[in-house]
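Dear colleague,

I am passing on the structure we spoke about, with the sequence alongside. Please have it open while you read the notes that follow.

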Amino acid sequence: MAHPQVVIGVDSSTQSTKALAVDADTGHVLGEGRAPHRVDSRHGQESDPNQWWDALTAAVAATGWADRAQALAVGGQQHGLVTLDAAGAPVRPALLWNDVRSAPQAADLVRKFGAHWWAAELGSVPGASFTAAKWAWLRATEPGNADRTAAVRLPHDYLTERLTGTATTDRGDASGTGWWTPDGYHATVLDQIGLDPALLPAVTAAGTPAGHALPGGPLRPGTPVATGTGDNMAAALGLGLTPGTPVLSLGTSGTVYTVARNRPADPTGTVAGFADALDGWLPLACTLNCTLAVDRIATLLGRDRQDVEPGGTAVLLPYLDGERTPALPHASGLLHGLRHDTTPGQLLQAAYDGAAYSLLAALDDVLAVDGPGAADPERPILLIGGGAQGRAWQDTVRRLSGRPVQLPAARELVALGAAAQAAALLTGEPADAVARRWGTADGPVLPALARDDAALERIATTISQTAALQGNGAH
């Protein structure tokens, strides 16, 4: 029997690194590895990039295929700012996507050029998560560290460079910086934030190697390493996503996205105009507070996360870490509409509703990028991420969307998408075609529930009436 072609896909996320060894022909997972990350939350949200490398090395080794893999790719958390000195060592801990200290700088950038300019020029209106705002924060608050910086990388770029020695990125992850365009890095933005383009990596085309593994890493020297991409782009590849298919991802953050043929340009800032990891687009809306926020509410109530009850009039907005959608970076959690007969289970359900509402409200805008007739309203939402297997999340999404929900059987979709990128180096196929051949999106479909318009209106009214109380991000 012929030995399988084995590739490794890596997901370097906020909390941990996961690695999958995958049969490139069948998509069968042959081995898995995982190693945790530490996040320092004392001042913002920071991590030492060196621990990502240590975790990648450990997770890849744990798959049992590190010495036999024929290609590898890394999917990584988007937006993070990694600053390296002339020797390639981190200048300071990386600023993570959910560090909102850069909210004032993001607001300044929007005021400087205007939201419509950003949407037209860059495809996205930058928020606190965008790397451009984080670099502007560093330049303003830690100028000595900014001056010491000899290279600026995204998390997946940093790991790819540690593997190969090549300074490279891809169009998908680069589109979340706030300085990338299809025609190259935007000189006006870089000049405004004081970032020398010589500090940035080259953008490598999809389907071509970023480089080859160096000695001393987890792989055999010379093993091809694909470009990799951002985590949302990798998950889209991992699903073999086609235009118009909606995805809702329930993780530390919540996201809704689809693959589009047209470039997004939303001046409201709700829809980020990301590129996908191939040659299309990935319109996406993101919330900062999702599964962890709801779990925290369950803990405060002393209830299991699934122990929800219907009914009641309470609205609970679980904006425990500030919020990105709606754009309220300084917001906190808010409870409104409490009555004598409100039960703890109803409060917990209200937390689920509050977390899911903004994502589903943005879904129509995400799907409208390719035009009003491009999306089928009866097409199931692909529900993925850590919360997707929870009955309370499944029912909340169905009740607030009025749409059926499909539960892909494949797990670790970011790592699978990276594995598909690695396999594409061997087969010459587009990475999304590899994933469709693997059948990664297959899974049961839960029928639609009647849409709960009363709950939707109650939440919308509460958000609009408390916007001033929550702060508008200007301070």
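To begin with charge, the protein carries 33 positive and 47 negative side chains, and the centres of these two sets lie 2 Å apart. Please keep in mind throughout that this is a predicted model.

As for overall form, the C-alpha atoms fill a box of roughly 65 × 55 × 45 Å along the principal axes. The radius of gyration is 21 Å, which agrees with the value near 23 Å that a compact globule of 475 residues would have. The secondary structure comes to 16 helices and 24 strands, and of the contacts with a separation of 6 or more, 72% are between residues 24 or more positions apart. Buried residues make up 59% of the 475, while the accessible surface comes to about 17900 Å², with 52% of that area belonging to carbon and sulfur atoms.

Turning to the interior, the largest nonpolar core has 43 residues, and those with the most contacts inside it are Leu248, Val256, Leu317, Leu360, Leu383, Trp393 and Val397. At least two residues of this core are supplied by each of several elements, among them strand E16 (247-250), strand E22 (381-384), helix H11 (344-367) and helix H12 (391-401). The largest share, 13 residues, comes from H11. If you would like one residue to start from, Leu360 touches Leu248, Ile381, Val397, Leu400 and Ser401, leaving aside residues up to four places away in sequence. There is also a second, separate core of 40 residues, which includes Leu241, Tyr257, Leu284 and Ala415.

Two backbone positions also deserve a look. Most residues other than glycine have a negative phi. His79, however, has a positive phi of about 75 degrees although it is not a glycine, and this residue lies in the loop between strand E5 (71-76) and strand E6 (82-84). Because its relative accessibility is 4%, His79 counts as buried, the cut-off for that class being under 20%. Glu412 likewise has a positive phi, near 50 degrees, and is found in the loop between strand E23 (405-406) and helix H13 (413-427). With a relative accessibility of 25%, Glu412 counts as partly exposed. Of these two loop residues, then, His79 is buried, whereas Glu412 is partly exposed.

With best wishes

Key: Residues numbered from 1 in each chain as written. Predicted model: local features only at pLDDT ≥ 70, side-chain atom pairs only at ≥ 80, totals over all residues. Heavy atoms only, no water. Helix = DSSP H or I, 4+ residues; strand = E, 2+ residues; numbered from the N terminus. Rg over C-alpha atoms; globule rule 2.2 N^0.38 Å. Buried < 20%, exposed > 50% of the residue type's maximum accessible area, 1.4 Å probe, protein only. Contact = heavy atoms within 4.5 Å. Areas by Shrake-Rupley, 256 points an atom, 1.4 Å probe, with all protein chains shown as cover. Lys, Arg positive; Asp, Glu negative; His and termini not counted. Charge placed at Lys NZ, Arg CZ, Asp CG, Glu CD. Core = buried A, V, L, I, M, F, W, Y, C linked by side-chain atoms within 4.5 Å.
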